[in-house]
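Biologist: Please take a close look at a single strand of this model and tell me how it sits among its neighbours and within the protein as a whole.

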Amino acid sequence: MAGIVLFDFDGTLARRPWISFGRILLDAIRKAQPETVVTASDLWAGLEDGFPWHHPDQAHPELNGDADAWWQRLEQVLLMACVYAGVDAELARAAVAEVRPRFSDPAEWELYPETLDALEALQEEGWRLAIVSNAVPELRRTVKGLGIAGYFDAIIASADVGYEKGHPEIFRIALRALGEPDPPGPVWMVGDNFEADIEAATRLGFGTVLVHSPASNGIAHDLRDAAYIILMAAERA
């Protein structure tokens, strides 16, 4: 019986090999100040905490649907990381201003080689697909720009709904967005983060597949493996 497959986005369906929050900041700083001695490690020291997904037990419904408010809160974290790294405050503010447009730019992302094959295989067998991601408010822009938005019946970014993965409510929100508070078929979660994707979904009774990360048996599944595992499980059910 076909059911629902929820996918993480970053690190699961697509990757950003050339950028990170720290990388964007460093590029902007070096562009304005080529002689800087600030390093990526200096910046990352201030980015190890403070992001919403660092604390999935803490909901933030007051930011629901307010992209500007969400970014204003995050930009304070980015700004302090720059200041702690020794960046001049004016330059730090200019660097932070470059993060929002660049991070969601589809040109900075690439699909995994097997992404389309996996999505097509599941869709052809009647599975309903959704993205559930700890992500910035512009997730839909990135997904659309990569040409895969049409595969999904729902795209849920934690910045839009006020809950991070790890919290059960974001998964329930995804099911409600699909019109399925009590799905008639199986629900699977596919992701690359063991805690946020696999453990959290397992607690809700979902099937899970960890991808692009070594599993306990030393095998790193890719998305084709995930699609095969889900389809074979349905066939045996």
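Modeller: In this predicted model, strand β1 (residues 4-7) and strand β4 run parallel and are joined by four bridges, with I4 standing opposite R128 in β4. Strand β4 is also joined to strand β5 (residues 154-157), again by four bridges and again in parallel, and here A130 is the residue that stands opposite A154 in β5. Between β4 and β5 the chain passes through helix α7 (residues 139-145), and the β-α-β crossover formed in this way is right-handed. As for burial, which was part of your request, five of the six residues of β4 (residues 128-133) are buried, so the strand is largely enclosed by the rest of the structure.

Turning to the surroundings, the protein as a whole contains eleven helices and seven strands. Its radius of gyration is 19 Å, which is close to the 18 Å that the globule rule gives for 237 residues, and the protein is therefore as compact as a globular protein of that length. Taken along the principal axes, the box filled by the C-alpha atoms is roughly 60 × 35 × 30 Å. Of the 237 residues in the protein, 48% are buried, while the exposed surface comes to about 11200 Å², with carbon and sulfur atoms supplying 49% of it. Among the contacts with a separation of 6 or more, 69% are between residues 24 or more positions apart.

Technical notes. Residues are numbered from 1 along each chain as its sequence is written. This is a predicted model: local features need pLDDT of at least 70, side-chain atom pairs count only at pLDDT 80 or more; totals for chains, interfaces and linings use all residues. Side-chain values use heavy atoms; hydrogens and water are left out. Buried means under 20% relative accessible area, exposed over 50%, partly exposed in between (1.4 Å probe, protein chains only). Helices (H or I, at least four residues) and strands (E, at least two) are DSSP runs, numbered from the N terminus. Two strands pair if DSSP finds at least two bridges between them. A crossover is right-handed if, with the strands pointing away from the viewer, the path from the first strand over the helix to the second runs clockwise. The radius of gyration is taken over C-alpha atoms; the globule rule is 2.2 Å times the number of residues to the power 0.38. Contact means heavy atoms within 4.5 Å. Accessible areas come from the Shrake-Rupley method with a 1.4 Å probe; for residues, only the protein chains shown count as cover.
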